[in-house]
Amino acid sequence: MKLLVLPFLAIALLGCTAFTAGNQRPAFDVKLIGVWTGEYLEEGGTLKRWTQTRNADGTYTIEFSFTEKDDTAQSFSESGRWWIKDGLFHEIASPEKGHPDKYRYSFKKKDCVSFVLVESEGFAEEEDSYVFSECLEADLPPANFGKSI
């Protein structure tokens with residue numbers, strides 16, 4: 001009899017764990033929702049500019065423009081998911097492969113945020129190896145995650 005109860009108990013416990021994990025929502029910092037612009041000048045002289053739209057549902061899109069020293073330019077876009085965990089900003093491009101990039105972030109000015117890359121592709125980065133800022137261009141409406149309290 002005990003042998004029959006044990007498998008059912010194990011299945012029930014695994015089901016509860018999956019149910020609990022499935023209902024957990026990622027955390028978002030509402031101050032990061034909106035349309036943001038930034039730029040970064042690489043050591044080699046390439047100027048990277050972008051406009052990123054972070055939505056309240058945890059999705060994002062970025063439109064990039066890279067201009068080389070000889071004025072040749074290229075543009076491309078990226079989309080994916082973002083969230084906050086353990087006080088760090090996480091971002092992963094779709095299709096989701098590998099690990100998310102992780103950044104420390106802080107608001108230095110009212111509508112500008114600074115990012116410091118701390119981990120990329122699952123590997124720790126050197127202190128202050130990639131630091132950039134973005135400034136808010138437009139707010140977006142907050143998400144509606146169901147009934148209000």
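D86 sits in the loop between β4 and β5, and its backbone is a good way into this predicted model. The phi of D86 is near 55°, a positive value in a residue other than glycine. Beyond that loop, here's a quick tour of the backbone oddities, the disulfide, the core and the largest pocket.

**Unusual backbone spots**

- Most residues other than glycine have a negative phi, and most peptide bonds are trans.
- D86 goes against that phi habit, and D86 is also exposed, since its relative accessible area is 70% and the cut-off for exposed is over 50%.
- D71 is another non-glycine residue with a positive phi, this one about 70°.
- You'll find D71 in the loop between β3 and β4, where D71 counts as exposed because its relative accessibility is 63%.
- The peptide bond joining S94 and P95 is cis, with omega at about -5°.
- P95 belongs to the loop between β5 and β6.

**The disulfide**

- If you search the whole structure, you get 1 disulfide.
- The partners are C112 and C135, with an S to S distance of 2.1 Å.
- C112 is in strand β7 and C135 is in strand β9, so the bond ties together parts that are 23 residues apart in sequence.
- The torsion about the S-S bond is about 105°, so this disulfide is right-handed.
- How buried or exposed are the two cysteines? C112 counts as buried, because its relative accessibility of 15% falls under the 20% cut-off.
- C135, at a relative accessible area of 27%, is partly exposed.

**The nonpolar core**

- The largest nonpolar core has 20 residues, and the ones touching the most other members are L32, F89 and F115.
- Strands β1 (34-41), β3, β4 (73-85), β6 and β7 each put at least two residues into this core.
- β3 gives the largest share, with 4 residues.
- What does F115 touch, once neighbours within four places in sequence are set aside? The contacts of F115 include two other residues picked out above, L32 and F89.
- F115 is also in contact with R54, Y103, R104, Y105, Y130, V131, F132 and E134.

**The largest pocket**

- The largest pocket holds about 380 Å³ of space.
- Its lining is made up of 24 residues, and those nearest the centre are F64, E78, E91, D101 and Y103.
- Y103 ties two topics together: it's among the residues nearest the pocket centre, and it's also in contact with F115.
- Which strands each supply at least two residues of the lining? They are β2 (47-54), β3 (59-67), β5 (88-93), β6 (101-109), β7 (112-120) and β9 (131-138).
- Sorted by class, the lining has 13 nonpolar residues, 8 charged ones and 3 polar ones.

**A closer look at T53**

- T53 is part of strand β2, one of the strands with at least two residues in the pocket lining.
- T53 counts as buried, because its relative accessibility is 19% and buried means under 20%.
- Leaving out residues up to four places away in sequence, T53 touches G34, V35, T59, Y60, T61 and L140.

How values were computed: Residues numbered from 1 in each chain as written. Predicted model: local features only at pLDDT ≥ 70, side-chain atom pairs only at ≥ 80, totals over all residues. Heavy atoms only, no water. 1 Å grid on protein atoms, 1.4 Å probe; cavity = no way out; pocket = protein on both sides within 12 Å on 5 of 7 lines; lining within 4 Å. Points joined across faces, edges and corners; volume = space filled by probe spheres on them. Nonpolar A, V, L, I, M, F, W, Y, C, P; charged D, E, K, R; others polar. Buried < 20%, exposed > 50% of the residue type's maximum accessible area, 1.4 Å probe, protein only. Contact = heavy atoms within 4.5 Å. Core = buried A, V, L, I, M, F, W, Y, C linked by side-chain atoms within 4.5 Å. Disulfide = S-S within 2.5 Å.
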